[in-house]
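Subject: A structure for you to explore

Hi there,

Here is the structure I promised to send you. Please open it next to this email and follow along as you read.

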Amino acid sequence: MSVMDEFFMNIALQQALMAYKDGEVPVGAVVVKDNKIVGLGRNRREKDKNALAHAEIEAINNACKMLEGWRLWQCDLYVTLEPCPMCAGAIINSRIKRVVFGAFDEKAGSCGSVINLFDLPYNHKPEIVSGVMADQCSKLLTDFFKELRK
């Protein structure tokens, strides 16, 4: 884990914390190009009443707007939770160079836990860096679900 990976994962964690405070499953994402943030996102499914309102989708959408294009081949995505199949598809389609995630998702993780969609013969294969600040990312999720069950 590099210093920059930890730096940007901390920003993704801040986004996740904002989602937590909004009553959302705490997932945050950051898209970075040349060590500059070009897109931020957090989970907003409950608030937006939209199954597509995942942190990665929001961050990718914001990055595309900021960079005025859909090809994010020079960008890295930092996300606190392993991407699901939908988000992995968006990562492939947007040509994200590298995916750095924190917590593993044993139920829907599509970067190694359930399946690695990037291993399939798609036209783009992002690099994966897994488990960056996994303890902090997992703790936020665990705390959220413990609180929800009360």
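One term first: a residue is called buried when its relative accessible area is under 20%. Please also keep in mind that this is a predicted model.

Let's begin with strand β3. Seven of the seven residues of β3 are buried, so this strand is largely enclosed by the rest of the structure. On one side of the story is strand β1, residues 28-33, which pairs with β3 in the antiparallel sense over five bridges. If you would like to find that pairing on your screen, look for A29, whose bridge partner in β3 is V79.

Strand β3 also pairs with strand β4 (residues 98-103), this time in the parallel sense and over five bridges. Here you can look for D76, which has R98 as its bridge partner in β4. To get from β3 to β4 the chain passes through α4, and this β-α-β crossover is right-handed.

What about β4 itself, buried or exposed? Six of the six residues of β4 are buried, so β4 too is largely enclosed by the rest of the structure. Strand β4 pairs with strand β5, residues 127-129, in the parallel sense over three bridges. The residues to click on are V100 and its bridge partner in β5, V129.

Now for a residue I enjoyed looking at, E82. You will find E82 in the loop between β3 (75-81) and α4 (85-94). Which side chain of opposite charge is nearest to E82? That is K107, but K107 is 13 Å away, and E82 has no salt bridge although it is buried.

So what does the side chain of E82 reach? One atom is the backbone nitrogen of C111, at 2.9 Å. Another is the backbone nitrogen of S110, at 3.4 Å. Leaving out residues up to four places away in sequence, E82 touches F101, A103, F104, D105, G109, S110, C111, G112 and S113.

Try tracing the strands in your viewer, and then go to E82 and pick out these neighbours. Write back whenever you like, and have fun with it!

Best wishes

Definitions and conventions: Residues numbered from 1 in each chain as written. Predicted model: local features only at pLDDT ≥ 70, side-chain atom pairs only at ≥ 80, totals over all residues. Heavy atoms only, no water. Helix = DSSP H or I, 4+ residues; strand = E, 2+ residues; numbered from the N terminus. Buried < 20%, exposed > 50% of the residue type's maximum accessible area, 1.4 Å probe, protein only. Lys, Arg positive; Asp, Glu negative; His and termini not counted. Salt bridge = Lys/Arg side-chain N within 4 Å of Asp/Glu carboxyl O. Polar contact = N/O pair within 3.5 Å; in protein donor to acceptor, adjacent residues only side chain to side chain. Contact = heavy atoms within 4.5 Å. Pairing = 2+ DSSP bridges. Right-handed = clockwise from strand over helix to strand, strands pointing away.
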